Amino acid sequence: MDQGKAVSVQDSLKTDTKKWIQLKINNHEKKLEVDPTTRLVDLLRNEFKLTGTKISCGIGRCGACSVMINGSLVNACLVMAYQINNASITTIEGVAEDSSLHPIQQAFLEEGGFQCGYCTPGMIMAVKSLVNETLNPTDEQIQLALSGNLCRCTGYGGIIRAVKRVIAERVII
Amino acid sequence: MQKNQEFYKNRRRIRPDGKAKVTGSLSYLTDLSFSNMLYGKILRSSYPHAIIKSINTDHAEKLYGVKAIITHKDIPGLNRFGIVTPDQPVLCEEHVRYVGDAIAAVAAVSVEIAEKALELIKVEYEVLPILDSPEKSLEKDAPKLHPEGNILHKAGFKTGDMEAGFAKAAAIVEETYQVPRQMHAYMETEGGVIVPEKDGAITVYVGTQHGYKDRFQLSRILDIPEEKIRIVSSPMGGSFGGKDELNIQPYGAVLALVSGCPVKIHQTRKESLIAGLKRHPMKITMKTGVDSEGRILANQVNIIADTGAYATLGPAILDFSVEHAAGPYMIPNMVTEGISVFTNNGVSGEFRGFGGNQVTFALEGQIDRLAEKIGMDPNELRRRNIRKVDDPGPLGHRIAPTNGAYEVLEAINKKLTIKTNQLKDSPPNDKWKVRGIGTAITMHGGGLGYGRLDPAGGRISLSEKGKIEIAFGFEEAGQGILGVIETIVTEELGCAPEDLSIVIGDTALVPSSGSTTASRGTSMVWHALQRMKGAFEQQILNKASAITSVSVSQMQLGRGGVFSITKANSYALLLTYDEIAKQINENETIVVSTNFDFPTTPDPVDGGHFLYTFGAVLAQVEIDLLTGKVKVIDLDQSIAAGPVVSTMGYIGQIEGGGVMSLGYTLMEDALMEGGKYITENLDSYLIPSILDVPFSMDTEAIEQLVEGDPYGPRGVGEIGTVAVAPAIAKAIHHAIGYWPTRLPISSEEILFASSQRRQRQWIKVRQ
Ligand code: FES
Ligand code: FES
């Protein structure tokens, strides 16, 4: 019934299938016993109450659930608990450094890179991944990097202006 | 014409909700959780049209972890909802009319168990013939979807002598336009938590566009007094009209009351797609005649709207289409007939643009075709028919004087000249790519219209904590109402953002302000402030005067508190707001509230609007002749909606609205076959991604109003969506000589049209 749902009822009712996993979330060590097929997005939102990571399509199409695993951008709705044992995960909550906003966040604020904000955490993770990997991205590289993140509110204009500003200010990230 | 005041000094503020949004710390209502919280799931019909023979929940009830199962028998009050006409069953007793009709709902300790329980509920149906088009529903022997039949609403407008008009016409164009079932596709699907409180009260943490209306509807369904229902309705991850009607609230509320536990429901995208509202698909036939000078002599319009299974705001949307069928043109002879028909196709309802988008696609298409037929520049034809400052509105009714139509037309025409020259100078250097440019204009009414309850209001007070508390019953769906409130209040009062506490979206704390729809929020905040600020300033200054013995005339409000203005150029802080608040004794308050109605036309024309905004769009497309793919490379708009309150908010609405309609024009259709959705998620229902939009868009705000206009800034939530489709259609015609009549325009038809054209050109060359 729920597309892309990895947890079946039988599994969730059985407790003996649970496994211990160990991982780092935003640089904090975590250890928990979990059904190995629980989706990472549910783990983050329900177990860790990190609700900055959103859910919208559940099938890897919208990017609202974007997080980084070991520095690579992934859709958390497509990753299961057993795949992240020993991994290091960064979510939107881990982007701002010691209470000051990350330059990408500041640029989104000042350029109107969001409206409802529901796509924003995922979008910022995607921008972060882009600027981490590409020193001076071209327009095409910006488009490609954000093509997996849908925004229904802004028409992408404010998002593009924010990304361009981040690049123009040559922030060392 | 004058530049209207120095509206507003700081229009590039950072939104008050911004920081929480970019850091992910903002809790949306679907992010909330409570202790003992259960998860709700709703069982929807397996068929688009059927009679329920039996519902058996025995099995499901025995499932471990299930805490409550409800069917129609468990609805305490009226088992119906609908903003105007409550005709939609909360839980169906017998008759199911679309695949989103709810039959039962479950609350369980986990989502998985709730889903399993739904599978265990056995429903026996007797399948009925499916009415999957308005035409089928209108057949004589079609089964009746509702006791009164299959027609939800008829609307019409008539002026002059249409036949005489056509008789004098030098050219006539007749065309039928078809527009799709667009989905709002807000990124946050419907959901939230409903919490039972003491004494049978509940708190409903679920997004909506009119908290008080939800409270009213839920009171009727739950049979508990409105005072016992608190609606917390902000923030939302988008709505665009789609969350205006009730969605999951009644199920969550009944489950919470039955189980005694908080119940969370957050629809999956597929559930949202099946149950949620869509934009009305319409078939619009227009026959339009002009004389050789390009004056429109007659326009005959026929609109058939597929309203789906239930009413919601279907009648008002049809009225809106009928009203806007003449657009910003003065057409002497006109007959418009509209009919909104029940079918088994989902539920059509409120959606940004509200019937204007559909009819504008048809009207502007007619203008472009007529211009071609008589060999006139289309914008010249528009100019010859455009409304003037004091002309009546499209239903012949009086409206607030405005020259917006002419201004946006001239503004977009300028852009067209520039872009056309650029294109001539540097055509694409790929022989398989062709480009074209098109423009279109529109006029769009704000507020609910004549004869509709459209109250607004607000409250401003000095709180105990020394904050200027400004409260409105509006919701923040992303549009930026918080930023609008901050700008207007701080600039009107002269206080600082830090002095403010903005309260919205919670019926326990805010006055009723009417709905957050129909581009009315910005306008109503401004109007409310105009009404309240004098009295509020007076109250604060009186108090300050009582404390300091400085006379009221020598003080004014400022950043942080009350300032003395005794000597010229001396400006000193006398008292902070906090100090004033501390001096307020128990039986004293500083509070001003207001109630008023959205301004309407003085003429008794049902649904007729009074404040209109105007928009003009320029679209440039590049068509790939090998694939038929249409890429929009420019989407620029000129908007006349009065002064800009927030620059980022304004541009964001226009760009975002434009792109939403780019999707409407080229990609989006919630396809149905036999009353069932074929598209079920964002993999088959495609909305524009960053790859589908122009890399930069230009928004021009024409801020001036006519001299003495007392109505202030108008809302721009919808205007940017309205004239996009016809501009893109015209651009396609400019590129390949093909007139699209059906949205979304497919690559297949473009490929077919352009290859036929090339064949014709080839034949010409050989002859
Ligand atoms: S929710 Fe994961 S990609 Fe859409
Ligand atoms: S800001 Fe609403 S979806 Fe992007």
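These legends describe close-up views of a predicted model.

**View 1. Chain B is divided into four assigned domains.** Domain 1 joins residues 2–26 with residues 455–597. Domain 2 covers 32–129 and 184–275. Domain 3 is built from three segments: 138–180, 284–346 and 362–385. Domain 4 takes 406–453 plus 609–767.

**View 2. Domain 2 of chain B meets domain 3 of chain B.** The centres of the two domains, taken over C-alpha atoms, lie 38 Å apart. Domain 2 of chain B brings 15 residues to the contact. Domain 3 of chain B brings 13 residues. Together the two domains bury about 1,200 Å². Carbon and sulfur atoms give 60% of that area.

**View 3. Asp87(B), Arg97(B) and Tyr98(B) lead the domain 2 side of the contact with domain 3 of chain B.** These residues supply 45% of the area that domain 2 of chain B buries against domain 3 of chain B. No other three residues supply more. By class, the domain 2 side has six nonpolar, four polar and five charged residues. Despite the charged residues on this side, zero salt bridges are found across the interface of domain 2 and domain 3 of chain B. Polar contacts do occur: eight residue pairs, both residues at pLDDT 80 or more, link domain 2 of chain B to domain 3 of chain B.

**View 4. Chain B packs against chain A.** The contact involves 61 residues of chain B and 56 residues of chain A. About 4,900 Å² is buried between the chains. Carbon and sulfur atoms account for 61% of this area.

**View 5. Salt bridges and polar contacts link chain B and chain A.** Four salt bridges are counted between the chains. One of the salt bridges joins the side chains of Lys54(A) and Asp31(B). The N to O distance in this pair is 2.4 Å. Between chain B and chain A, 22 residue pairs are in polar contact, with both residues at pLDDT 80 or more.

**View 6. Helices of chain B contribute to the side that touches chain A.** Helix H1 (18–22), helix H3 (111–120), helix H8 (269–275) and helix H16 (647–666) of chain B each supply at least two residues. H16(B) gives the most to this side, with eight residues. By class, the residues of chain B that touch chain A divide into 28 nonpolar, 18 polar and 15 charged.

Note on methods: Residues numbered from 1 in each chain as written. Chains lettered and ligands numbered in written order. Predicted model: local features only at pLDDT ≥ 70, side-chain atom pairs only at ≥ 80, totals over all residues. Heavy atoms only, no water. Domains from an automatic or database assignment. Contact = heavy atoms within 4.5 Å. Buried area = accessible area lost by both parts, 1.4 Å probe. Polar contact = N/O pair within 3.5 Å; in protein donor to acceptor, adjacent residues only side chain to side chain. Nonpolar A, V, L, I, M, F, W, Y, C, P; charged D, E, K, R; others polar. Helix = DSSP H or I, 4+ residues; strand = E, 2+ residues; numbered from the N terminus.
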